Amino acid sequence: MAKKKTKKGTRRRKGPKNVSVTMYDVGFGDCFLLTFDYGNNGNRHVLIDCGSTSARKAQMSRVVDQLAKDCGGHVDAVVATHRHKDHISAFGLKGLDAKLEALNPDVVIQPWTEDPAAAPDALEASSGVTNAAAAHVLSLEAAQQFAQHLADNPLRMLAAASPSTQRQLAHIAALSIPNKKAIKCLTRMGKHHAYVHAGGDCGLKDLLPGVRVSVLGPPTLKQSEGIRRQKRWDENEFWKLYADVAGASSANVASARGNSALFPRVPTDSIARAPSYVKWVIRELDSAQVHNVKRIVRALDDALNNTSVILLFEIGDKALLFPGDAQLENWQYALKDADLRAHLRKTRLYKVGHHGSTNATPQSLWALFKYRRTRRKLLTSLLSTHKGHHPGVPKESLVEALRDKTSLHSTESWRNKLREVYTV
Amino acid sequence: MMPATRTLTIIAQDPSIKNAANKILRAQVRIPYENLQPGPRGYRVHVVDYDSSQRVLYRPPAVKDGYDPFIRAPDSTLCRDPVFHAQNVYAIVMRLLARFEAALGRRVSWGFGGHQIHVVPHAFAGANAYYSDDAHGLFFGYFTGLEGNPVYTCLSHDVVAHEATHALLDGLRNTYTVPSHPDQAGFHEGFSDVVALLSVFGLPDVVRTLLPQTGPNRNRIRVSDLRAGRLKETALLGLAEQFGQEVSRYRADCLRRAVKRPPRPGALEDPNVEECHIRGEILSAAVLNSFIEVWTTRLKTWLPRTEKTVALDRVIEDGSDAAEQLLTMCIRALDYCPVVDITFGDFLSALLTADMELLPDDGKYGYRKVLRDQFKAWRIQPASGAAEEVRARIVSEPGVWQKPLAKEPLDYDCVHRQSLEQNLDEVFRFLWENRKQLGVYEDAYTWVISVRPCVRIGPDGFVLRETVSEYRQSLDLEAGRLPEVCDGMKKPEGMPDSTSVRLHGGGVLVFDEFGHLKYHIRSRIDNPKRQYERLKYLWENGIHDRRKRYGFSDGSPKGQRFAVLHDRRDGRAEKAGEWDG
């Protein structure tokens with residue numbers, strides 16, 4: 001039977017003989033290299049994320065050097081699941097960005113929310129970008145400015161909060177800062193860019209022959225219409241949160257420029273000398289302000305997590321699942337689809353979502369994995385995390401379940417180890 | 001001698017709405033006179049100008065008696081002077097409070113127990129404003145507008161009135177913030193919108209800017225512009241278009257959507273309409289469309305057939321009167337609303353009953369018929385049982401609450417009439433002694449939360465004296481015991497037997513001037529249908545307290561209930577399963 005020719009002019013090859021996943025120790029962050037072994041036809045590499053919020057630059061530099069060695073100086077694809085610092089920070093670090101660019105990927109995969117056509121400063125919208133999508137991206141941008149301001153001025157914005165709350169919120173805010181350098185680096189990289197959404201094409205078909213790659217998330221705004229909570233980002237339906245983040249950010253950014261008092265010429269009173277009934281109101285308001293900031297920051301953290309690209313790689317009857325930091329709302333679209341659920345059942349390697357947080361491995365997803373077993377552990381789970389860095393992450397009950405039913409590998413237990421390779 | 005009222009300038013809508021002379025549209029409102037401290041700090045409202053984002057406390061301005069300091073102030077002063085901002089919020093909240101007190105015929109308390117509500121006009125940087133019962137306050141944010149100008153939510157009449165209504169409603173029915181069926185949260189939002197919007201229509205200067213004027217002095221209006229469809233387009237939609245130009249990020253769309261939304265029977269059953277603001281818009285739409293219909297009915301009684309134009313002032317007067325009358329009806333209805341788990345059907349029955357008590361005849365404008373029809377268009381039926389009861393001669397008019405039909409006569413010998421008008425224990429004694437006749441569930445914790453004597457005067461001078469008292473019941477149990485307690489009620493699908501749930505019930509007792517029970521608006525605690533629907537909604541939407549108990553509280557941080565309304569966790573996500581423990 002005549003073999004068809006691919007676009008590149010090479011003969012269509014069979015699927016890979018072997019697949020291995022390398023997990024690097026980046027502390028609280030993600031960095032994974034997928035290596036598809038095509039025998040005599042060489043290896044194909046896909047880099048999924050490279051970022052951390054806890055590792056120092058020297059550690060990240062060691063990781064990048066090692067991964068460059070592991071892939072032989074070239075990766076076929078880079079996947080930046082979403083723009084949180086713990087997933088893309090290395091792309092924005094001086095020196096490391098050049099090393100990563102030198103890997104010269106054929107394709108860079110990012111969520112649709114990173115599409116420059118949907119950016120707030122886009123000159124014209126591309127055909128696929130709706131006003132609602134652009135508004136969604138705008139609200140994320142505005143909220144990230146707010147996060148930047150909070151990360152820069154935690155003491156001022158959270159004066160009434162306890163030191164631990166200040167630290168906690170400043171950390172979450174630091175995750176969500178715009179990461180412009182990293183985004184620019186990702187934009188420069190790669191011959192092609194794929195801004196993907198659930199059910200879309202990620203451009204890996206020709207690069208990884210014999211591997212079926214499905215995009216399970218993030219859903220577009222239209223796809224998530226059935227998901228009520230996600231709808232709050234639709235400005236027409238859920239204006240208030242959008243207003244909260246956009247308004248708060250613009251107001252606070254304005255104040256950061258130096259307008260320290262709203263009415264500079266109006267006489268003020270000392271708070272310390274105010275009557276007790278006024279002090280009581282001030283205390284209540286200060287505490288409410290901390291709650292407001294907390295709410296905005298957490299909502300933004302969730303919203304960015306929910307822009308995560310979820311990829312499912314299938315080779316024969318084995319599947320590898322890489323969900324980034326996708327939370328329940330992102331997952332719900334994929335989990336509604338009976339066909340996708342059937343594919344998810346075959347999962348043999350699971351990158352634990354969102355470093356093991358409480359709501360990134362939905363129980364309904366966990367229930368689908370047919371290889372989770374107590375005795376013969378056929379499902380491998382990879383957990384890249386760092387305890388005490390993000391409140392409640394990793395979730396102890398999830399870690400216990402993973403330890404009980406899967407072959408769990410967590411960077412948390414590593415000592416002086418830079419990476420580990422797992423073959424599926 | 002102390003004058004009865006004080007006149008103060010307020011911004012009629014928001015600073016972007018200008019009059020014919022291109023000046024900010026203002027209104028002079030009369031509010032009860034009081035001896036004010038700097039702030040202003042009065043007997044019910046205390047303005048504290050503290051900015052929590054900048055941690056700045058502005059010195060409270062002295063209040064000059066005898067004149068309105070901003071009556072001739074230029075626009076720039078109104079926008080930039082925090083002293084005016086303080087006056088604006090003080091006057092709007094006081095006017096609304098006085099409006100509620102006049103409609104109900106008694107003093108109205110705040111929901112948090114104190115006498116003075118703290119109103120903070122520049123509370124934080126952010127396009128938000130909210131009522132916090134824990135902080136005894138109304139907090140208004142400020143933000144940078146699209147053109148880089150500062151926007152103060154405290155200058156928007158609609159925003160201030162909406163938030164103040166939340167506070168007043170909480171004072172009258174503080175049980176309406178307890179987690180319940182989606183109608184209840186929707187009612188809080190919808191009712192606040194209705195009050196804010198109808199109070200804007202009560203300001204003739206605002207109505208004037210909305211209507212198309214004609215004639216050499218622009219004091220006439222074409223008769224063709226006074227048809228219902230046209231009025232809806234100019235007055236309601238016009239207001240919607242003007243609304244929120246400044247605070248567009250805050251709440252521009254709610255009115256626009258409420259007005260544009262064509263009646264859709266069955267909309268309330270749609271799961272996408274469970275979000276409280278969207279649900280509230282349905283209530284706003286029904287009441288606002290009623291307003292337009294009543295306005296046109298009033299106009300039809302005098303509009304000449306031969307002339308093409310009529311005096312604008314008279315049209316405005318009719319509109320303002322219709323708005324004021326509907327607003328009074330809506331506020332009075334609160335006394336006849338059930339004590340827990342209100343639905344829109346309950347509110348309709350309460351509206352009809354409250355008005356019928358004062359005006360047994362529906363009058364030439366047929367307010368009650370219009371309301372019944374407008375609610376019916378959304379398939380909202382009165383909760384009272386309606387037509388069948390009229391046929392059975394149990395009630396005199398469709399939709400009104402049924403009078404108590406005790407199988408056994410009520411025992412009044414145990415109570416003293418005068419004490420029954422003011423003493424909680426006396427009302428409890430009446431309730432306890434008549435628990436069988438009144439069908440009060442005996443095994444629940446029961447307590448009387450209020451007793452309020454009131455005097456109301458109808459438009460025809462008719463005086464109505466009533467005493468309105470509320471009692472509550474609560475019952476904590478495990479979900480597995482629900483069938484036994486609630487007449488075979490099943491628990492929501494998937495809810496474990498061991499889940500802690502709290503059931504609420506209670507009733508409103510309305511006594512006539514002779515101390516006899518006139519209405520008993522009861523929310524049975526063992527009503528399986530109501531309790532199932534409520535618990536199912538809470539379960540499916542993950543609305544529980546921090547100990548994962550359902551029906552106790554919604555788990556939002558102290559004082560943040562209204563601030564986080566939009567940030568509520570989605571329960572379907574909960575069902576998909578988080579990792580607990």
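This passage describes a predicted model of two chains, A and B, from its confidence scores to its cores, domains, shared sheet and local backbone features.

Residues are numbered from 1 along each chain as its sequence is written, while chains are lettered from A and ligands numbered from 1 in the order in which they are written. Because the model is predicted, local features need pLDDT of at least 70 and side-chain atom pairs count only at pLDDT 80 or more, whereas totals for chains, interfaces and linings use all residues.

The model scores ipTM 0.84 and pTM 0.79. Chain B has an average pLDDT of 84 (pLDDT is the predictor's confidence in each residue, from 0 to 100), and 87% of its residues score at least 70. Among the elements of chain B, strand 3 has the highest mean pLDDT, 97, and helix 19 (residues 571-576) the lowest, 33. Helices (H or I, at least four residues) and strands (E, at least two) are DSSP runs, numbered from the N terminus. Over residues 564-578 of chain B, pLDDT stays under 50, and the model has 41 contacts beyond four places in sequence for this stretch. Two residues are in contact if their C-beta atoms, placed from the backbone, lie within 7 Å. Where pLDDT is low, the predicted coordinates should not be read in detail.

Chain A contains 13 helices and 14 strands. Of its 424 residues, 51% are buried. A residue is buried if 20 or more other C-beta atoms lie within 10 Å of its own, exposed if 12 or fewer, and partly exposed in between, with C-beta atoms placed from the backbone. Among contacts in chain A between residues at least 6 apart in sequence, 75% join residues at least 24 apart.

The largest nonpolar core has 147 residues, of which B:Val93 and B:Leu326 touch the most other members. Such a core is a set of buried Ala, Val, Leu, Ile, Met, Phe, Trp, Tyr and Cys residues joined through C-beta atoms within 7 Å. Helix 2 of chain B (residues 82-104) gives the most to this core, with 14 residues. When neighbours within four places in sequence are left aside, B:Val93 is in contact with B:Val45, B:Val119, B:Val160 and B:Ala164. Another core, of 78 residues, lies apart from it and includes A:Tyr24, A:Cys50, A:Leu93 and A:Leu216.

Chain B is assigned domain 1 (5-172), domain 2 (182-377) and domain 3 (417-576); these bounds come from an automatic or database domain assignment. Twelve residues of domain 2 of chain B are in contact with 20 residues of domain 3 of chain B. The side of domain 2 that touches domain 3 has eight nonpolar, no polar and four charged residues. In this classification, Ala, Val, Leu, Ile, Met, Phe, Trp, Tyr, Cys and Pro count as nonpolar, Asp, Glu, Lys and Arg as charged, and the others, Gly among them, as polar.

B:Ser474 is located in strand 13 of chain B (residues 463-478). This residue is partly exposed, because 19 other C-beta atoms lie within 10 Å. Beyond its neighbours within four places in sequence, B:Ser474 is in contact with B:Ala444, B:Tyr445, B:Arg502, B:Leu503 and B:His504. The C-alpha atoms of B:Ser474 and B:Asp355 are separated by 31 Å, the two residues being 119 residues apart along the chain.

An open sheet is formed by three strands in the order 8(A)-5(B)-4(B), with antiparallel pairing. Strand 8 of chain A (268-269) and strand 4 of chain B (50-51) stand at the edges; each has a single partner strand, so one side of each is left without a neighbour in the sheet. Two strands pair if DSSP finds at least two bridges between them. Two bridges join strand 8 of chain A to strand 5 of chain B (residues 56-58), and A:Asp269 stands opposite B:Leu57.

Two cis peptide bonds are described here. One joins A:Gly217 and A:Pro218, with omega about 5 degrees; A:Pro218 is in the loop between strand 7 (212-217) and helix 8 (239-256) of chain A. The other runs from B:Gly39 to B:Pro40, with omega near -5 degrees, and B:Pro40 is in the loop between strand 2 (26-32) and strand 3 (45-47) of chain B.

Positive phi in a residue other than glycine occurs at B:His136, near 50 degrees, and at B:Arg379, near 60 degrees. B:His136 lies in the loop between strand 7 (129-132) and strand 8 (137-144) of chain B and counts as buried, because it has 23 C-beta neighbours inside 10 Å. B:Arg379, in the loop between helix 12 (367-377) and helix 13 (387-391) of chain B, counts as partly exposed, with 14 C-beta neighbours inside 10 Å.
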